[in-house]
Amino acid sequence: MRLGPVELPALAVPRLGPAAFRRRAVVHLAFLLLALATLGLVATVLTDQKQRAYQRYAQGFRQSLAEIVLQLRHPSGQLALLNPTMTPGDRAGQAPVLLPFAAIDFDDQNKAQRAVEMAGCGLRWPDGSSLCAAVGANAYAGGFLYLVGSLDSGPLVGREHGALALSGVHRMRVTLTMRGETQTWIAPFEGMAARDGAQRGRLTGFVGAGPQLPGKARPSREFRGWLWREGACVESTTGPACVRHAFYSVRLPVEAFQEALFERAPPVWPPADLDQARVRVELLGPAPEGEPVPVLFDSTRPGASLALSLDRIGAALQPGETLRIEKTGPRPQVIAERRGPELSERALPWLIHVIRRLPVVGVGADRGDVEVRWLTASDEVATPNGRYRLELRGDLRSLDRQLALEARPLAMLAGAMLAAIAAAWLMVELGLIRGIAVLTKRAAAVSYNMQDPRADQRLGELEVADLRGGDELGILAGSLADALQRVKDGLRREQLRAEREREMWHAVGHEIMSPLQSLMVLHGGADDPSHRYVQRMQQAVKVLYGSAPPSEALASADLHPEALDLAAFCREVAANAHYAGIDDVSFESTLPEPLLVRAEAYALEDAVTHVLRNADRYRPAGTPIALTLEAGEPGAVLLRIRNQGPTIDPAMLDRIFEYGVSDTAPQAAGERRGQGLFVARSYLAKMDGAIRAFNLPDGVVFELTLRRLPA
């Protein structure tokens with residue numbers, strides 16, 4: 001018999017007034033104010049940082065534009081404006097650039113050097129060599145290409161006047177590729193008087209690549225050039241033959257440029273395809289006949305960098321800034337647009353949103369419903385080739401992202417402070433206040449329900465064992481829990497004892513009901529004087545039996561199995577079955593008699609009768625119930641009880657022997673409560689037997705197994 005838990009209606013909890021929670025509310029309010037103060041402090045610091053950052057940025061914004069304009073007004077800046085697509089060149093050579101002045105005084109070393117340095121024209125190599133390939137800003141100054149540069153060189157070997165072989169002298173080779181055509185000039189060095197190791201001479205240009213000039217070769221009349229080697233010896237070299245710094249200046253005539261001056265009036269200058277032209281400059285050294293020619297300088301070698309370009313100007317921009325350069329005139333043209341670098345790190349999106357919401361006084365602007373804040377400034381730069389308008393635009397949202405990156409440590413510190421506050425609140429709330437509140441509510445519930453007639457039982461519902469602990473509250477809750485547990489145990493023991501007695505009486509009544517039903521059939525006549533007394537006995541047993549399960553009574557019952565002739569027993573049960581209201585029961589056995597088994601006659605008869613009642617309940621009217629004896633496994637006998645009718649659900653074949661399992665609802669008299677098969681299994685188990693059921697195509701078979709005794 002299995003008893004369920006003792007259940008009582010839930011305790012009614014009284015409604016406690018605000019005074020009972022006053023201290024708890026004060027503690028919660030204190031923690032809340034502490035968290036709000038932390039957030040307010042962080043917001044104040046961030047607002048101050050944002051205001052200062054915006055003011056610094058606004059003050060430096062126009063200064064940044066002024067510095068850019070000042071840089072672009074310088075000849076080097078104008079060179080960048082006039083040549084927005086200027087690049088270090090490629091393997092084919094360097095593209096000529098447009099100078100911010102009309103021409104270069106190439107005959108004067110100092111003027112030529114000052115001009116290219118001031119304009120920032122040319123390429124620079126790591127070894128100190130340089131080259132500026134450019135045209136003048138004035139179309140009427142002539143269609144010339146200027147080549148100005150420098151390199152480190154040893155003593156120069158000049159060409160003798162009238163010599164045609166050039167392999168033994170220093171010479172410059174210039175190659176120009178433009179509009180699908182390539183022109184080459186060779187310019188040998190013709191030295192003048194040298195003094196203190198310094199050398200100076202002309203570069204006389206001839207059409208062709210050398211190294212041998214044709215007979216009666218005449219120099220190009222417009223090709224003019226100079227080469228100077230002077231100054232102190234470079235480091236690590238000494239003596240008259242040391243390496244010194246050399247500077248060259250060449251004016252190269254370009255027929256395509258000169259012809260373009262006469263095609264239109266006024267002429268278009270510079271040529272539209274100037275950036276498509278490529279010029280290559282090589283300085284070749286002397287070499288004996290048949291040996292490789294040493295190349296002292298080649299403008300196509302890698303490693304060159306520009307002195308100044310619009311890309312370098314754009315590199316000075318701040319994140320979020322945009323510089324737009326537009327050439328003004330009848331047809332405005334945007335020649336460059338440079339943006340500041342992107343932030344290398346990504347800020348937290350929520351922190352950006354918070355910083356963006358902080359107020360700033362005097363900086364920024366809002367347009368419509370979308371928050372778009374920026375600063376703008378503009379200026380103009382005049383060059384020989386026209387006017388250029390510069391517009392600098394700064395996006396303040398980028399400044400917000402930068403502030404978010406800088407504020408990340410502060411946000412982490414604020415998060416740590418809030419986490420500490422939350423941890424302290426949880427410790428106080430869960431470790432102390434909530435325990436006190438729970439204990440207060442439960443104690444108040446018991447006190448409130450003491451007016452209940454079952455107050456002695458309702459006290460058992462107060463459970464405070466979950467509040468045990470090592471602190472003062474835990475010790476108090478533990479002592480109260482121990483006292484309440486003793487009261488609960490007493491209540492449970494009393495209820496279990498009463499329940500066990502009731503179950504035992506019901507079990508005994510159930511076992512008496514079976515033979516009384518047979519007596520009712522034997523003495524069923526109205527004139528039988530025993531009928532009235534048997535009926536009274538059955539009614540009294542029904543009252544005793546009630547509706548409780550007999551599992552506890554059967555478990556405590558004692559049987560005394562002995563030798564029993566199973567064949568004779570089954571023959572007698574089949575013959576007397578009609579007295580129990582079960583007709584058409586037949587018996588058949590093929591085993592030799594007597595067939596002795598270990599069993600108790602009355603308990604076995606009770607078990608067989610319960611099985612017969614189940615078989616009779618489900619068989620179709622007029623069909624028989626067959627009892628057969630068969631040999632089982634060694635030392636066992638099988639008693640099969642077979643009926644025709646519906647089969648049992650396969651999922652229920654094992655469960656039908658459990659107590660309370662039935663497909664019929666309990667009746668008022670306590671019958672058909674799913675306990676007959678449970679009784680049969682319990683009795684057979686006490687006689688070292690077993691019972692099982694299985695389905696046939698037209699019915700069900702119950703198979704009882706009993707232990708056979710030697711004859």
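Isoleucine 325 has leucine 390 as its bridge partner in E17. That pair is a handy way into this predicted model. Zooming out a little, seven bridges join strand E14, residues 321-327, to strand E17, residues 386-395, and the two strands run antiparallel.

These two strands belong to an open sheet of four strands. Reading across, the order is E15-E14-E17-E16, and the pairing is antiparallel. At the edges sit strand E15 (333-339) and strand E16 (374-383), each of which pairs on one side only. From one strand to the next, the twist averages 15°.

Two helices pack on this sheet. H1 touches E14, E16 and E17, and its direction makes about 15° with that of E16. Helix H2, made of residues 75-82, touches E14, E15, E16 and E17. The direction of H2 makes about 100° with that of E16.

Back to H1, which covers residues 22-73 and includes leucine 32. Is leucine 32 buried or exposed? Neither, quite: leucine 32 counts as partly exposed because its relative accessibility is 47%, and the partly exposed class lies between under 20% for buried and over 50% for exposed. Leucine 32 also has company at the surface. Together with Leu29, Leu33, Leu36 and Leu39, Leu32 makes a nonpolar surface patch of about 480 Å².

Terms used: Residues are numbered from 1 along each chain as its sequence is written. This is a predicted model: local features need pLDDT of at least 70, side-chain atom pairs count only at pLDDT 80 or more; totals for chains, interfaces and linings use all residues. Side-chain values use heavy atoms; hydrogens and water are left out. Patches are made of residues with over 30% relative accessible area and no salt bridge: like charges are joined within 9 Å, nonpolar side chains (Val, Leu, Ile, Met, Phe, Trp, Tyr) within 5 Å. Accessible areas come from the Shrake-Rupley method with a 1.4 Å probe; for residues, only the protein chains shown count as cover. A salt bridge is a side-chain nitrogen of Lys or Arg within 4 Å of a carboxyl oxygen of Asp or Glu. Buried means under 20% relative accessible area, exposed over 50%, partly exposed in between (1.4 Å probe, protein chains only). Two strands pair if DSSP finds at least two bridges between them. Axes are lines fitted to C-alpha atoms, for helices over the stretch in contact, and angles run from 0 to 180 degrees between N-to-C directions. Contact means heavy atoms within 4.5 Å.
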